[in-house]
Amino acid sequence: MIQEYQLRILPEIAANEQKLKEYLSKEKGLNLREITATRILKRSIDARQRTIFVNLKVRAYIREMPKDDEYEHTIYNKVEGKPQVIVVGAGPGGLFAALRLIELGLRPIIVERGKDVRERKKDLAQISREHAVDPESNYSFGEGGAGAYSDGKLYTRSKKRGNIDKILNVFCQHGASTAILVDAHPHIGTDKLPRVIENMRNTIIECGGEVHFQTRMEALIIENEEVKGIETNTGKTFLGPVILATGHSARDVYRWL
Ligand SMILES: Cc1cc2nc3c(=O)[nH]c(=O)nc-3n(C[C@H](O)[C@H](O)[C@H](O)COP(=O)(O)OP(=O)(O)OC[C@H]3O[C@@H](n4cnc5c(N)ncnc54)[C@H](O)[C@@H]3O)c2cc1C
């Protein structure tokens, strides 16, 4: 049997599964020995008063075990030899676009003007230490995009622009804590985000996609008023439909457009 409860409890109970089971047993009349597992579905903290409470939506499994995984897996199949699509930018927009293309059976080719998320860190250190800004590798440009090295939180007020749960599950599949699935204000953590981004890149490459760093799109190739591909600063051209995921900092792109 599965029962769901909305609880307002003290943090020390909310943070400990055994204490939570004991609370459910006492307050909801469940037999403690029959509660096989609990699963937190939503969590928020109410710190407005002296006594802090945690609001929990919790599922109790009684005489049965949870069958579902902790998060939903998306299947990413191989896309080698499939039609290619150029994705300009490896920020959140570009990375998620690439993963979605793979789901749809298309081969993403990402071009990113900045460096990979680890190399980029050195350039950020240089900004603080020497006040020297690399125009292609900084807080705005590089793998992971603009927010990758800020607070690492993940927050949106938008509920109507697409499937947020799916995005959170994709992050979990790539190494984020499953706490982000239940927390009212999900937070990945700046220390953990680079690894998650690398894992997303690895999925893209393992499936047959490509990621080209330090490669800046300089022009769209347009024939008969149709976009056919891109030219880059390395001299390489890439052909195919183009997704521009260049973010709000790429003024040169907007000026050029
Ligand atoms: C300082 C800062 C802190 C932030 N902190 C947070 C936070 O903690 N949590 C949160 O959820 N949001 C945060 N945000 C907002 C978040 O970063 C943005 O909403 C998000 O990055 C937008 O994603 P995007 O992919 O559209 O664009 P971007 O992240 O801007 O990514 C665009 C990418 O395209 C690349 N690019 C641009 N032009 C070209 C070109 N010509 N050729 C090749 N590549 C190109 C860039 O290098 C960049 O990597 C923060 C933003 C900033 C600026």
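This report covers the two domains of the chain and the surroundings of its ligand.

**The model and its domains**

The model is predicted. The domain assignment splits the chain in two: domain 1 spans 2-62, and domain 2 spans 84-256. Taken over C-alpha atoms, the centres of domain 1 and domain 2 are 38 Å apart.

**Where the domains meet**

How many residues of domain 1 are in contact with domain 2? Five are, and they touch five residues of domain 2. The size of an interface is often given as the accessible area lost when the parts come together. Here domain 1 and domain 2 bury about 400 Å² between them. Carbon and sulfur atoms account for 38% of that area. On the domain 1 side, Ile-40, Lys-42 and Arg-43 supply 83% of the area buried against domain 2. No other three residues of domain 1 supply more.

One salt bridge is counted between domain 1 and domain 2. Arg-43 forms a salt bridge with Asp-183. The closest N and O atoms of Arg-43 and Asp-183 are 2.6 Å apart. Arg-43 is also one of the three residues that supply 83% of the area domain 1 buries against domain 2. Polar contacts join the two domains as well: three residue pairs are counted between domain 1 and domain 2. The side of domain 1 that touches domain 2 has two nonpolar residues, one polar residue and two charged ones.

**Around the ligand**

Next comes the ligand. The ligand has 28 residues around it. Which of them come nearest? Gly-93, Glu-112, Ala-146, Gly-147 and Ser-150 do. By type, the shell around the ligand holds 11 nonpolar residues, 12 polar residues and five charged residues.

Polar backbone atoms of the protein face nitrogen or oxygen atoms of the ligand. The table gives three such pairs.

| Ligand atom | Protein partner | Distance |
|---|---|---|
| oxygen | polar backbone atom of Gly-147 | 2.8 Å |
| nitrogen | polar backbone atom of Met-217 | 2.9 Å |
| oxygen | polar backbone atom of Ala-245 | 3.5 Å |

How much of the ligand's accessible area does the protein cover? On its own, the ligand has 990 Å² of accessible area, and the protein covers 75% of it. Gly-147 appears twice in this picture: it is among the residues that come nearest to the ligand, and its backbone supplies the polar atom at 2.8 Å from a ligand oxygen.

Technical notes: Residues are numbered from 1 along each chain as its sequence is written. This is a predicted model: local features need pLDDT of at least 70, side-chain atom pairs count only at pLDDT 80 or more; totals for chains, interfaces and linings use all residues. Side-chain values use heavy atoms; hydrogens and water are left out. A residue is near a molecule or strand if one of its heavy atoms lies within 4 Å of it. A polar contact is a pair of N or O atoms within 3.5 Å; within protein, one must be able to donate a hydrogen and the other to accept it, and residues adjacent in sequence count only if both atoms are side-chain atoms. Accessible areas come from the Shrake-Rupley method with a 1.4 Å probe; for residues, only the protein chains shown count as cover. Ala, Val, Leu, Ile, Met, Phe, Trp, Tyr, Cys and Pro count as nonpolar, Asp, Glu, Lys and Arg as charged, and the others, Gly among them, as polar. Domain bounds come from an automatic or database domain assignment. Contact means heavy atoms within 4.5 Å. Buried area is the accessible area (1.4 Å probe) that two parts lose on being put together, summed over both. A salt bridge is a side-chain nitrogen of Lys or Arg within 4 Å of a carboxyl oxygen of Asp or Glu.
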